[in-house]
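Got the viewer open? Let's walk through this one stop at a time, selecting as we go.

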Amino acid sequence: MQAAVGRSRTALFVARQLTQRRTWFGFGQPSKFDTNPPKPWYQVEPEDDTDVMDRYSTAERKDRIAIRRKLMELQDQGIESSEEVAADVADLVIKWKDRVGAAALVDNSEFLSLPDDRKAALEQFLEETKYS
């Protein structure tokens, strides 16, 4: 009898360790407190997170599409870069606070025909947004 009880306690201990969801440091804890067992991945209903995960606003997307169309028209004409379009891209990057795009423009400014005033504006923008 005691051997059977001992084996059942051991089995229960092992089962608890295998199905443990909460740990000392909080890893594996469910995001919402729920006493029900977790659902399999194929039964979980997806949450709509497009508002959170959408990177660009509608106005910014329209501006970027307009710049892309200008670039494609220039490429169709056989022109590699234009000072006017480079200036427009610099203005767009500063307007929408795109630090990564500004850094890419400054790094590649020798390949682009970027006006000096826009290059200075980009460098100033990068300096202002350095720690944000």
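Start by selecting alanine 102. This residue is buried, because its relative accessible area is 0%, in a model that is predicted. Alanine 102 belongs to helix α5. What does alanine 102 touch, if you skip residues up to four places away in sequence? Show the side chains of Val93, Leu122, Phe125 and Leu126, and you have the answer. While you're here, draw a C-alpha to C-alpha distance from alanine 102 to leucine 92: the two sit 10 residues apart in sequence and 9.4 Å apart in space.

**Zoom out for a moment**

Switch to a cartoon view of the whole chain. You'll find 6 helices and 0 strands, so to speak an α-α-α-α-α-α run when you read from the N terminus on. Colour by burial if your viewer can do that: 18% of the 132 residues count as buried. Now take the contacts in the chain with a separation of 6 or more: 49% of them come from residues 24 or more positions apart.

**α5 against α6**

Next, select residues 99-107, which is helix α5, along with residues 116-128, which is helix α6. The two pack at an angle of about 135 degrees, and their axes are 10 Å apart. That angle makes α5 oblique to α6. Look at the way they cross, too: α5 passes α6 in a left-handed crossing. To light up the contact, pick Arg99, Ala102, Ala103, Leu105 and Val106 on the α5 side, then Leu122, Glu123, Phe125 and Leu126 on the α6 side. Sorted by class, the residues of this contact come out as 7 nonpolar, no polar and 2 charged. Notice our starting residue, Ala102, in that selection.

**α4 against α5**

Keep α5 on screen and add α4. How far apart are the axes of α4 and α5? They are 8 Å apart, and the helices pack at an angle of about 150 degrees. That makes α4 roughly antiparallel to α5. This crossing is left-handed as well. For the contact, select Val89, Ala90 and Val93 in α4, which meet Gly101, Ala102 and Leu105 in α5. The class count here is 5 nonpolar, 1 polar and no charged residues. Ala102 turns up in this contact, just as it does in the one with α6.

**The loop between them**

Now click on lysine 97. You'll land in the loop between α4 (83-95) and α5. Is lysine 97 buried or exposed? Its relative accessibility is 64%, so it counts as exposed. Check the backbone of lysine 97 as well: phi is positive, at about 55 degrees, although this residue is not a glycine.

**A stop on α4**

Select isoleucine 94, which is found in helix α4. At 27% relative accessibility, isoleucine 94 counts as partly exposed. Setting aside residues up to four places away in sequence, isoleucine 94 touches Ala121, Leu122 and Phe125. You can also draw a line between the C-alpha atoms of isoleucine 94 and arginine 118: they are separated by 9.8 Å, with their positions 24 residues apart along the chain.

**α3 against α4**

Bring in α3 next to α4. These helices pack at an angle of about 165 degrees, with axes 11 Å apart. The two are therefore roughly antiparallel to each other. Here, too, the crossing is left-handed. To see the contact, select Asp63, Arg64, Ile67, Lys70, Leu71 and Leu74 of α3 together with Val85, Asp88, Val89, Leu92 and Lys95 of α4. By class, the contact has 6 nonpolar, no polar and 5 charged residues.

Then hop over to serine 82, in the loop between α3 (58-77) and α4. Leave out neighbours within four places in sequence, and serine 82 is in contact with Leu74 and Ser113. Serine 82 and leucine 112 lie 30 residues apart in sequence, yet 7.8 Å apart in space, C-alpha to C-alpha.

**Last stop: a pair of rings**

Finish by selecting tryptophan 41 and tyrosine 42. Both are exposed. The count of aromatic pairs comes to 1. The ring centres of tryptophan 41 and tyrosine 42 are 5.6 Å apart and the planes stand at 85 degrees, so this pair is edge-to-face.

Definitions and conventions. Residues are numbered from 1 along each chain as its sequence is written. This is a predicted model: local features need pLDDT of at least 70, side-chain atom pairs count only at pLDDT 80 or more; totals for chains, interfaces and linings use all residues. Side-chain values use heavy atoms; hydrogens and water are left out. Axes are lines fitted to C-alpha atoms, for helices over the stretch in contact, and angles run from 0 to 180 degrees between N-to-C directions. Helices (H or I, at least four residues) and strands (E, at least two) are DSSP runs, numbered from the N terminus. Angles under 35 degrees count as roughly parallel, over 145 as roughly antiparallel, 65 to 115 as roughly perpendicular and the rest as oblique. A crossing is left-handed if the near helix is turned anticlockwise from the far one by less than a right angle, and right-handed if clockwise. Contact means heavy atoms within 4.5 Å. Ala, Val, Leu, Ile, Met, Phe, Trp, Tyr, Cys and Pro count as nonpolar, Asp, Glu, Lys and Arg as charged, and the others, Gly among them, as polar. Rings of Phe, Tyr and Trp (its six-membered ring) pair if their centres lie within 6.5 Å; planes under 30 degrees apart count as stacked, over 60 as edge-to-face and the rest as tilted. Buried means under 20% relative accessible area, exposed over 50%, partly exposed in between (1.4 Å probe, protein chains only).
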